[in-house]
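I sat down today with a new model and a fresh notebook page. Here is what I looked up, entry by entry.

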Amino acid sequence: MTSRSDDSPPLPIDRQGLIHASTALRAGQQGQLVRAVRAGELQRVRRGVYSPVGAGPPPRGADHHVLTAFAAAAQRDHPVFAGYTSALLHGMPAVGAIPSQVTFLASGASGRIRNGVIEVGRRDDTVVETRGDVRLTSLADAVLEVGRRSPLVTALAMVDAAIGPRLVGDRRPACTLDELVAILERRRPFRGSLRVAAVLARADPASESPLQSLSRLRFEEYGFPPPLTQHELALADGRIVRLDFAWPGLGVWGEADGIASHGGGGQRAAATVLEEEQRAEAIRTTTGWRCVRWEWQHAWRGVPLARALLEAGLPSSGRVRRR
């Protein structure tokens, strides 16, 4: 709640929960706005745009990026979110550093970067969608632009999520890898097309998490052979299980979310651990394969994951740093 006298109205807040200095000025509440800022009741999101300070911590990471994007959008005519910002609004995962610049679609074919905003050039085949009162580029356009500008791991995690199943029980992807490749080929040549092609060449619609996307990059980086993903296996008792990664010819399989990823305590967590241990034992009894489990931090650092795979007997054509 912002500072005000008993008979003064609250500061106007837009649909995104933002307070604009220009709106407060028109309402004759500039002094009230200044007092609220000085009292620490409002935090600056962007020049002339503020957000109420709530009971919890201020938004960070992807949430802060989206909030900043809405603040910038309120200062533009007919804004259309694009690129990384559009991808976040489509629900894509954020892996790696969050860009400080927000992205919009330019009104014409030329783009520019100015005042913390990236404008990407509009193409003849750019698809713009409307969700409520928000306009944004299609998911396909968004992730292709991410592939052009962002690190490989960031782009791959988003592309994998885009072409994989989005809803429980619904195997239909939001877009397909074939669609993305077709758009890429239709638009070539353009600056960054090789980067986009590199992302699409590594994309896997079977990937079920950003951790799996990151893990595949680490396998490649450290020279391990490419695995089968989401490999189905018939156990001795007739059950069918699905393995995140498998190297059948080498007698190794991997889980990218492992027992250690089930945080918290209590009976439910203990039951989950026991269930996974029993499942791993059933797989070992049936196949004799060695199991490797890892968490996000192991894959992000890289070396711990590589060492674990080497210890399980997986060959590597690369060099694992000893540290």
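The entries below go from the whole chain to single residues.

**Ground rules**

I am working from a predicted model, in which local features need pLDDT of at least 70 and side-chain atom pairs count only at pLDDT 80 or more, while totals for chains, interfaces and linings use all residues. I number residues from 1 along each chain as its sequence is written, and side-chain values use heavy atoms, with hydrogens and water left out.

**Whole chain**

I began with the secondary structure and found 12 helices and 14 strands. Helices (H or I, at least four residues) and strands (E, at least two) are DSSP runs, numbered from the N terminus.

Next I looked up burial: 42% of the 323 residues in the chain are buried. Buried means under 20% relative accessible area, exposed over 50%, and partly exposed in between, using a 1.4 Å probe and protein chains only.

I also checked contacts (heavy atoms within 4.5 Å). Among those with a separation of 6 or more, 55% join residues 24 or more positions apart.

**Nonpolar cores**

Which residues touch the most other members of the largest nonpolar core? I found Leu180, Trp294 and Leu309, in a core of 64 residues. Helix α6 (residues 152-163) gives the largest share of this core, with 8 residues. Apart from it there is another core, of 10 residues, including Trp253, Ala280, Ile283 and Trp289. For the record, a nonpolar core is a set of buried Ala, Val, Leu, Ile, Met, Phe, Trp, Tyr and Cys residues joined through side-chain atoms within 4.5 Å.

I then followed Leu309. Leaving out neighbours within four places in sequence, Leu309 contacts Phe219, Phe224, Trp247, Val292, Trp294 and Leu314.

**Helix α9**

I picked two residues of helix α9 (residues 210-221), Ser213 and Leu214. Are they buried or exposed? Ser213 counts as buried at 2% relative accessibility, and Leu214 is buried with a relative accessible area of 2%.

With residues up to four places away in sequence not counted, Ser213 touches Leu156, Ala157, Asp160 and Ser207. Under the matching rule for neighbours within four places, Leu214 is in contact with Val153, Trp296, Ala299 and Trp300.

I noted two C-alpha separations as well. Ser213 and Ala203 are 10 residues apart along the chain and 8.1 Å apart in space. Leu214 and Thr154 are 60 residues apart along the chain, with their C-alpha atoms separated by 8.8 Å.

**Helix α3**

Ala62 sits in helix α3 (residues 61-73). I have it as partly exposed, at 24% relative accessibility. Beyond neighbours within four places in sequence, Ala62 contacts Leu88, Ala94 and Ile98. Its C-alpha atom is 9.0 Å from that of Thr85, 23 residues away along the chain.

**Largest pocket**

I turned to the largest pocket, which holds about 350 Å³ of space. On a 1 Å grid over the protein atoms alone, a pocket is an open set of points where a 1.4 Å probe fits, with protein on both sides within 12 Å along at least five of seven lines, and lining residues have an atom within 4 Å of a point. Grid points are joined across faces, edges and corners, and the volume is the space filled by probe spheres set on the points.

Of the 25 lining residues, Val120, Gly121, Arg123, Glu145 and Arg148 lie nearest the centre. At least two lining residues come from each of β6 (117-120), α5 (139-149) and α7 (177-187), and α5 supplies the largest share, 6 residues.

By class I read 10 nonpolar, 5 polar and 10 charged residues in the lining. Ala, Val, Leu, Ile, Met, Phe, Trp, Tyr, Cys and Pro count as nonpolar, Asp, Glu, Lys and Arg as charged, and the others, Gly among them, as polar.

**Backbone oddments**

I found a cis peptide bond from Arg188 to Pro189, with omega near 0 degrees. Pro189 belongs to the loop between α7 and α8 (193-202).

Asn115 has a positive phi, near 50 degrees, in a residue other than glycine. I place Asn115 in the loop between β5 (112-114) and β6, where it counts as exposed at 58% relative accessibility.

Gln230 is not a glycine either, and has a positive phi of about 50 degrees. Gln230 lies in strand β11 (residues 228-234) and is buried, with a relative accessible area of 11%.

**Cysteines**

How many disulfides does a search of the whole structure find? I got 0, taking a disulfide as a pair of cysteine sulfur atoms within 2.5 Å. Cys175 is buried at 4% relative accessible area, whereas Cys291 is partly exposed at 32%.
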